[in-house]
Amino acid sequence: MAIIIVAGSLATVSAIIAIAYQALVQDFEDLLTQRQILEAERTSEQVNQKLQLRLNSLSAFASQLADVDELPDQPDLTAALARQTTLRDLFPAALLIFDNKGCAAAENVYVPNRIGTCYLDRPHFQEARATRQPIVSKPIIGRTTGRPLLSFLAPIETEDGDLLGFAGGTLDLGKTSLLPEDRRRSFDGSQGIEKIIDTENFLYVDSGKGSQNIEPLPDPGEDALTDAALSGITFGQVSSQEGQPLIYATNHLQRLGWVFVRAVPYEQATTPARQAFIQFFNISLMITLVIAALSFLLVRTTMSPLDRMTGRIRRMAAQPDSAMRLSESGIPEVSNLARAFNRLLEERDNLARLKDHFMSSVSHELRTPLTSLTGALKLLTSGVTGPLNGKSQEMANLALRNGDRLQLLVADLLDFNKLSDGSLKVRIQSEAIQPILYGTVEDNNTMAAEHHVRLMSDSGELPHILCDKHRLRQILDNYVSNAIKFSPKNGVVGIEARIHSPEYVRITVSDQGSGVPDSFADSVFKRFAQAETGTTRSVKGTGLGLAICAELAKLMNAEVGYYNDQGAHFWVDIPTSGSHETLSTVADEETDS
């Protein structure tokens, strides 16, 4: 007991520590994940602010060009662009003015063939023309430059709302970065990773390798972090190309189609948790050792009288005697246990006396009149009282068979206690199955007719089975009786025999009722158990029928069970004659034991 207590205490503490460690790691993991989410959102927001600043500046310049009813000539536009020093710093790649058809009319940085080129087919031009709102494109490849660009547009409108053209600005993403200069400060010494992905063109705006040059994305499967970011899962865990576990988070900047990815090594969550775990484990181990020592002393004090009580109970079990009782002395727990055990013995003796009285009453009250009844029926069928016509003779014979059957059932009730201690004997021999099924149908036809139910039997060619014919009939009669009771009017009760396996034949009795309630499934074959059927046609019984079936089947090396399928289907699996050798071996072993 002391060993069990010590081992149990250690196991309990270990389980608690393990759970606490996992919870601690999870907390650190959640904190790191939230931090990465916030940092990704912060970077995304800072980029968005820079975009908005450029749009606002470009819109202010566009409003200056809307003072006239039409765009100025190209020289005037070029001069106006040259004066915009602030815009030139914001859009170092190029400042442009487009007419209302989206064609380039002026530029501050010369690019061959750009003036006169129309861009109205670009989606962001169409959107700006339709909404008359400043807009920034998602990353595109320049039509004349072939470079990855961001294009900004601000409509130029008159006071009457006429569209004169667009003021445009361009950023070369390979030369100008929109990313915050201090975005990597939080990664100092943490071995963190930050990537920025252009999902429209499948490029790295920032590959996280210290370079801000535009780079193509690796092939799927080469970089798990990039694959996770493109999958749409905003946070989680992945492994780096070196196999290191990472905690990552992403944020999507919709207006650019960029995904900001941040990741840190998973060990940043486990390292502080491991340190706390070691400290907690040492304290818990000391407490456990103290508890174990105290438990050992307590158990040793308590177990001595219990050990003496156990020896006394063993002697009482070996030599049952209602006069023997445990001593109700000692510590309160032990004396209460002795008192409860003595009360249990008294209840056992009372139940034994009640059972004996019940069996005696059944024997006296049922057996005697049944003997007289069957004797009278035998006289009638033998013709001693006079000849009977054909129908009367048939009914008398049927009554005699059922009377004999009833006598056997009463005898079974008297012998039911023998099933519990294994003293009930069965005579197993090879039997043809068809006569058994035929007799079952014939003997139960009268009851079926009274309930307006039809019996049907189907067996086909089957091998002989090993059973006690009378006991198998008892099982089938019980199944059929229950099926008749719970079948609807004009229903059909089927008795079917089929080969279930090479060593067993299954006999199934089925009805068309509502089936066995789910709440009663675990009690079907238990003693004194009855389901609430809710029908006036059911007859209250002792609740022993199916329990007897289960015990009898066990004695015949058979199995019973049921299932619901448009009614209840109760079955019994009986060994075939081919399994005679196996059953004989089992029987010999049981006899030897």
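**Exercise 1.** Which residue forms a salt bridge with Asp573, and how far apart are the closest N and O atoms?

*Solution.* The structure is a predicted model, in which local features need pLDDT of at least 70 and side-chain atom pairs count only at pLDDT 80 or more, while totals for chains, interfaces and linings use all residues. Residues are numbered from 1 along each chain as its sequence is written, and side-chain values use heavy atoms, with hydrogens and water left out.

Begin with the criterion: a salt bridge is a side-chain nitrogen of Lys or Arg within 4 Å of a carboxyl oxygen of Asp or Glu. The partner of Asp573 is Arg506, with the closest N and O atoms 2.7 Å apart. Next, place the two residues: Arg506 lies in strand S17 (residues 504-510) and Asp573 in strand S19 (residues 568-575), so the pair ties together parts that are 67 residues apart in sequence. Strands here are DSSP runs of E with at least two residues, and helices are runs of H or I with at least four, numbered from the N terminus. Finally, both Arg506 and Asp573 are buried, where buried means under 20% relative accessible area, exposed over 50%, and partly exposed in between (1.4 Å probe, protein chains only).

**Exercise 2.** Describe the surroundings of Glu107, beginning with its place in the chain.

*Solution.* First, Glu107 is found in strand S2 (residues 104-107). Second, Glu107 counts as buried because its relative accessible area is 9%. Third, follow its side chain, which reaches the backbone nitrogen of Val111 at 3.4 Å and also makes a polar contact with the side chain of Arg114 at 2.7 Å; a polar contact is a pair of N or O atoms within 3.5 Å, where, within protein, one must be able to donate a hydrogen and the other to accept it, and residues adjacent in sequence count only if both atoms are side-chain atoms. Fourth, Arg114 and Glu107 also form a salt bridge, and Arg114 is itself buried, at 7% relative accessibility.

**Exercise 3.** Locate the salt bridge between Glu157 and Arg132, and state how accessible each residue is.

*Solution.* The side chains of Glu157 and Arg132 meet at 2.8 Å, N to O. The pair links distant parts of the chain, with Glu157 in strand S5 and Arg132 in the loop between helix H4 (123-131) and strand S3 (135-136), 25 residues apart. Glu157, at a relative accessible area of 27%, is partly exposed, and Arg132 is likewise partly exposed, at 31%.
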